[in-house]
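Me: I am new to this structure and would love a close look at one part of it. Could you pick a stretch, take me through it step by step, and then show me what else is worth finding in the view?

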Amino acid sequence: MTLALAFGLAMAFTLALAGPAHASFWAPQNGGSPNADRIHTLYVIVFIVGAIIFVFTEGALIYALWKFRASRGHEAKQLHGNTRVEIGWTAGAAIVVLILGIVTFAFLPGIRNPDDSDSDGWQIPASYTTAKDKKLLPPNGKALNIDVNGQQYAWRFVYPDGDADRQNNIYTYEELVVPVGTTVTLDVRSSDVGHAWWIPQLGGKVDALPGYTNHTWFKVPAKALRNDQERRDGRVFTGQCAELCGRNHANMTARVRAVTPEAFDAWLKRQKADIDAAGRGAQRYRDQQEQFDRQQAATAAAQAAPTATTPVPASQR
Amino acid sequence: MASATVTPIPQVVAHQVEKPKRGWVDWVTTTDHKKIGIMYLVLTFAFFGVGGIEALLIRLQLAVPDNTLLEFQTYNELITMHGTTMVFLFVVPVMAGFGNYFVPLMIGAKDMAFPKLNALSFWMLAAGGLVFYASVFFNPPECGWTCYVPLASKDYLPNGGVDAWIFLVHLTGIGSLVGSVNFYVTIANLRAPGMTWSRLPLFCWSILTYSVLLILALPAIAAAVTMLLTDRHFGTNFYDPGEGGSPLLWQHLFWFFGHPEVYIMVLPGFGIISEVLPVFARKPIFGYKAIAAATLVIAFLGLMVWAHHMFTTPSPSVVLVFFMVSSMLISIPTGIKIFSWIGTLWQGTIHFTTSLLYAVGFLGTFLIGGITGVFLAIYPVDWQLHDTYFVVAHFHYVLMGGAVFAVFSGLYYWFPKMTGRMMDEKLGKISFWTMLIGFHTTFLVQHSIGLDGMPRRIPEYADVGNLATFNLISTIGAFILGVGILVTAVNALRSLKHGAIAGPDPWKANTLEWFTQSPPPQNNFDTVPRVRSVEPMKDIRAEIERRQGERERVPAGAAAAETHA
């Protein structure tokens, strides 16, 4: 009887949970990355087990309150315990915990360890390889590794490039642009107080703590781009800082825009060109400054030259 | 030379009989555990009111999206004050208040083992509260009740608010530490004749466990805040990663205290429930030994789960796995308790007094907090839920729906003993139902707010998803809850003067505090009968009935005749 009830409930909850793609009434958001989907599935399993325990226990409580309310001719049974029953429910609780533990360990690697990129993903240049711990990379060792830096009250994203010079790397604030079908691994840091990186649809959160580097990953599947408009402009996943980081904590938002590999290539080229142009501009400005400074110095020297020969009276020294 | 031969006669001269102190001088100088207990309860309930007003302000700010009612700074100050007040100035010390009043009475003692230290404990608490609330006049802390570094360091919050918080932790910590040693020694040494460990009331077991946990956990936070203080003012760098320190160290030390603190807050609540349920079900507690053992196991495991507050920090997988498993294990002893309480109601005759309603409300509500705790213990799932409103909902189910409902159950149960007057049952039931409905309206929906992507501790949110609707529901619930609490406050104040006279044992209860008058006299008991079971009052009532029955059955003259026949 209880089993049938429990099963029925489990079915009902499964249906309720499997409803709209981004229903976040019962369960965490998902749909942007396999790890978020796996967390969602694990959550649903725990939810079903929890719901059964809830209904069973709460039911027993309400039944007892109704059935054993004080009334005429009703005697309380003076018993102090029942060893067999007590051992029974202890074992029962232990078994539930054991089952949940086994299920969790079955899901854990898929959530923690990055997947390989899809075949239709962006081709990661061989020169982008990072010297990261192998466990933090997909089995084939290829991931787009991006440096995420939290600061009051914004995120900075630094992209890798082939060379060793960190100065000319592409970087953005606020919006992280990534190609679909490609495993993206993040090195999350902070340069001031603690922050937490969290895009609900792309998986769990990780703290950004000064002095430490934290890691997470996601992979937006190509099918996450649902229509032509998203295939053209990309799909935006939003999130915000999840660790109190000061007065403007609520406004420390983060956006991830997933675009097609082609669009990503184009974006990357444009950014690179911008960075180079900006670099050249900066260089030009520095050169001008230098020239200007030299001229100034020369003029000053020329003006100062005559007076410099005049001896200064000893009293004014 | 006659005077030299007079031998001195020793004499005692009473210059003056010490006048009994009156009025406030009596309260300030008292070492009587009952008066100290009352002061604890009055002060902590006052802080509960203040913390509640802060909570309502928070909910007002969050009632609608993009609200501009409060400044961001004010909001951060409010969440810090609310959390700190409820944890350090209400839930923990209110348990000490009940413990102070009832532990000596329940074990048949005249007072605590160290009455003067007991007074010190209380005044340390009062001083801590004073120092902390003094910061209202300059700059309250705005780093949340967890005061994570580097945010709480002098670089980011140079004003004195964080220092006020540090001194609060130190002062209330000293108070709790002294009080805990006192509870331990009292329970270990002053039990009535015949009260073996297996006849100790479960509330006393829980206060004993509370004390041990405080003694083990408080030094960690004392060290942590001392290092924060020296980092802020004396140039040390314990938490500064740039100088070889570590912000993670703060989190470990804080939660090494912070998680046992949860059990410190909730275990005495379990104790109250274990006293109230058998009295009103008219049935012995189901599985006394299992409940006492489960209390100890929870405390033991509770010391080994602290890093489940740190699942999103950069920590090695093996650490995360350890703390996940230890956290999940806690659900076993907790389950044993919940089942034993239902077992206590089973086949009883349940009298629905207000006290019992609160106890049952505790059971039903705490269960939800326990189940959501399992979600949070599983660390990959916690990665989604951590620092969101799901967590806020979870710990309010445990601390508000759990501990506070238990405190209210204890208040309705013990009020007649403390004041000699009954609280009004009708108002009590109105208060209970309003609080229950208000509580679930406020906090059930907060699970969904968190799942919908809203982190905790944000003063404003965008109008996305269902956040606007959910938050409005939550705010309305908070005000219903507030009204419910207010009804009990009015009830308590009215009953002080107008309540029905209670008599020594209005509930026909089980433990020794009901053996003496209400309120109990200065030294509690004239004599304490030998304790023969975990329910001494039941034995005493049975004995009285037996003797009365004998006298009635056997009239004086007939007795002699019968024995001869």
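Reply: Let's begin with residues 18-532 of chain B, a span that is 68% helix and 0% strand. The C-alpha atoms at the two ends of this span lie 40 Å apart. Please keep in mind that this is a predicted model. The span also carries a label from a record: an unreviewed UniProt entry annotates residues 18-532 of chain B as "domain: Cytochrome oxidase subunit I profile".

Now look at how some of the helices in chain B are packed. Two packed helices are described by the angle between their axes and the distance between the axes. Take helix α3, residues 33-61 of chain B, together with α16(B): their axes come within 9 Å and cross at roughly 160°. That angle makes α3(B) roughly antiparallel to α16(B), because anything over 145 degrees counts as such. The crossing in which α3(B) passes α16(B) is left-handed.

A second pair can be read in the same manner. Helix α9 (residues 288-302) and helix α11 (residues 331-345), both of chain B, pack with their axes 8 Å apart, at an angle of about 155°. The helices α9(B) and α11(B) are therefore roughly antiparallel to each other, and their crossing is left-handed.

Two single residues in chain B deserve a stop as well. Asn523(B) sits in the loop between α16 (467-498) and α17 (536-553) of chain B. Is Asn523(B) buried or exposed? With a relative accessible area of 44%, Asn523(B) falls in between and is partly exposed. In sequence, Asn523(B) and Lys110(B) are 413 residues apart, yet in space their C-alpha atoms are 4.9 Å from each other. Cys147(B), on the other hand, has a relative accessible area of 0%, so it is buried.

Let's turn to chain A, where there are sheets to trace. One open sheet has three strands in the order β4-β10-β9 (chain A), with mixed pairing. Its edge strands are β4 (175-179) and β9 (235-240) of chain A, each of which pairs on one side only. On average, neighbouring strands of this sheet are turned by 20° against each other, direction ignored.

Strand β10 of chain A, residues 253-259, is a good one to follow. It pairs with β4(A) in the parallel sense over five bridges. Along that pairing, Val178(A) stands opposite Ala258(A) in β10(A), and Pro179(A) has Val259(A) as its bridge partner in β10(A). On the β9(A) side, six bridges join β9(A) to β10(A), and these two strands run antiparallel. There you can find Val236(A) opposite Arg257(A). Is β10(A) enclosed or open? Five of its seven residues are buried, so β10(A) is largely enclosed by the rest of the structure.

Another open sheet in chain A has five strands, ordered β3-β2-β1-β5-β8, and its pairing is mixed too. The edges belong to β3 (171-173) and β8 of chain A, each pairing on one side only. Here the average turn between neighbouring strands is 25°, direction ignored. At the β8(A) edge, strand β5 (residues 184-190) of chain A pairs with β8(A) in the antiparallel sense over five bridges. Thr185(A) stands opposite Trp217(A) in β8(A). How many residues of β8(A) are buried? In this strand, residues 214-218 of chain A, four of the five are buried, which leaves β8(A) mostly covered.

As you look at strands like these, one general point helps: in a regular strand the side chains alternate between the two faces of the sheet.

Finally, a word on the cysteines. A search of the whole structure turns up zero disulfides over all chains. Why does Cys241(A) have no such bond? The closest cysteine sulfur, in Cys245(A), is 4.0 Å from the sulfur of Cys241(A), too far for a bond, since a disulfide needs the two sulfur atoms within 2.5 Å. Cys241(A) is buried, because its relative accessible area is 0%.

Definitions and conventions: Residues are numbered from 1 along each chain as its sequence is written. Chains are lettered from A and ligands numbered from 1 in the order in which they are written. This is a predicted model: local features need pLDDT of at least 70, side-chain atom pairs count only at pLDDT 80 or more; totals for chains, interfaces and linings use all residues. Side-chain values use heavy atoms; hydrogens and water are left out. Buried means under 20% relative accessible area, exposed over 50%, partly exposed in between (1.4 Å probe, protein chains only). Two strands pair if DSSP finds at least two bridges between them. UniProt positions are given in the numbering used here, feature names are shortened, and annotations may be inferred rather than shown by experiment. Axes are lines fitted to C-alpha atoms, for helices over the stretch in contact, and angles run from 0 to 180 degrees between N-to-C directions. Angles under 35 degrees count as roughly parallel, over 145 as roughly antiparallel, 65 to 115 as roughly perpendicular and the rest as oblique. A crossing is left-handed if the near helix is turned anticlockwise from the far one by less than a right angle, and right-handed if clockwise.
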